[in-house]
Amino acid sequence: MAKEKIKSTGTCKYCGSIRMVNAAAEMTQTELDAIASEECDCEMAKKERNKEEQKEIATANIKLLIGEKHPKAAEGLTQMIPFIQEFAFTELTVKLNEVSKVQMKMNERGSIIISKTDTIKDTVGE
Ligand SMILES: [Zn+2]
């Protein structure tokens, strides 16, 4: 059975403007406010949406780069994305093993760049 859609209002948590939202009948005001915040056109809401998008892209890139061979490391790195976004640090390097490392950083244009470096190491006489 399709849920009944009703028109209701929610308040954007960023700018406080009240917006009409398409809501299911049983939604709480908190949920309505969350939808209003997501759909609002104010600068803060847009910024938040960009952040979400940025996080999705970075998550996909991490998966693409190391997801198959290093799923646990990929998971850990993914969890660190918000810290980069909040500028808790600007760069993070993780050593995957003796020869491979993966680096995540925010570039000048505000994009999160993920890169992997494999070093060829020749050691003699160890
Ligand atoms: Zn707003």
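Reader: Happy to be looking at this with you! What percentage of the 126 residues in the protein chain do buried residues make up?

Author: Good place to start, and keep in mind that this is a predicted model. A residue is called buried here if 20 or more other C-beta atoms lie within 10 Å of its own. Of the 126 residues in the protein chain, the buried share is 13%.

Reader: What is the radius of gyration of the protein chain, and why is the chain called more spread out than a compact globule?

Author: Let's first lay out the parts: the protein chain has three helices and five strands, and along the sequence they follow the pattern β-β-α-α-α-β-β-β. For 126 residues the globule rule gives 14 Å, and the chain is well over that, so it is more spread out than a compact globule. Its C-alpha trace spans about 75 × 40 × 15 Å along the principal axes. The radius of gyration itself comes to 21 Å.

Reader: How many Å separate the centres of domain 1 and domain 2?

Author: The domain assignment places domain 1 at residues 5-41 and domain 2 at residues 49-118. Taken over C-alpha atoms, the distance between the two centres is 33 Å.

Reader: Helix H2 caught my eye. How far apart are its end C-alpha atoms?

Author: Helix H2 covers residues 43-67, which is 25 residues. At 1.5 Å a residue the expected span is 36 Å, and the model agrees with that. The end C-alpha atoms of H2 are separated by 34 Å.

Reader: Which residues in H2 are buried?

Author: Look first at what covers them: the cover includes helix H3 (71-85), strand E4 (100-106) and strand E5 (112-118). H2 lies across E4 and E5, and runs at about 15° to E5. The buried residues in H2 are Ala58, Ile62 and Ile66.

Reader: Now the sheet, please. Which are its edge strands?

Author: Three strands form an open sheet in the order E3-E4-E5, with antiparallel pairing. An edge strand here pairs on one side only, and that picks out strand E3 (91-95) and E5.

Reader: How many bridges join E3 to E4?

Author: A hairpin of four residues links E3 to E4. Across this pair, Glu91 stands opposite Lys105 in E4, and Leu92 stands opposite Met104 in E4. The two strands run antiparallel, and the number of bridges joining them is five.

Reader: How many of the five residues of E3 are buried, and why does E3 lie largely in the open?

Author: Helix H3 lies across E3, E4 and E5, running at about 20° to E4. Even with that helix there, E3 lies largely in the open because not one of its five residues meets the cut-off for being buried. The number buried is zero.

Reader: Is Met80 buried, exposed or partly exposed: which one, and why?

Author: Met80 sits in helix H3, and its C-alpha atom is 15 Å from that of Gly67, which is 13 residues away along the chain. Within 10 Å of Met80 there are 16 other C-beta atoms. Being buried takes 20 or more and being exposed takes 12 or fewer, so Met80 is partly exposed.

Reader: Leaving aside neighbours within four places in sequence, which residues is Met80 in contact with?

Author: The sheet under H3 is the place to look, as H3 lies across E3, E4 and E5. There, one facing pair has Leu92 opposite Met104 in E4. Met80 is in contact with both residues of that pair, Leu92 and Met104.

Notes: Residues numbered from 1 in each chain as written. Predicted model: local features only at pLDDT ≥ 70, side-chain atom pairs only at ≥ 80, totals over all residues. Domains from an automatic or database assignment. Expected span 1.5 Å × (residues − 1). Contact = placed C-beta atoms within 7 Å. Pairing = 2+ DSSP bridges. Axes fitted to C-alpha atoms, helices over the stretch in contact; angles between N-to-C directions. Rg over C-alpha atoms; globule rule 2.2 N^0.38 Å.
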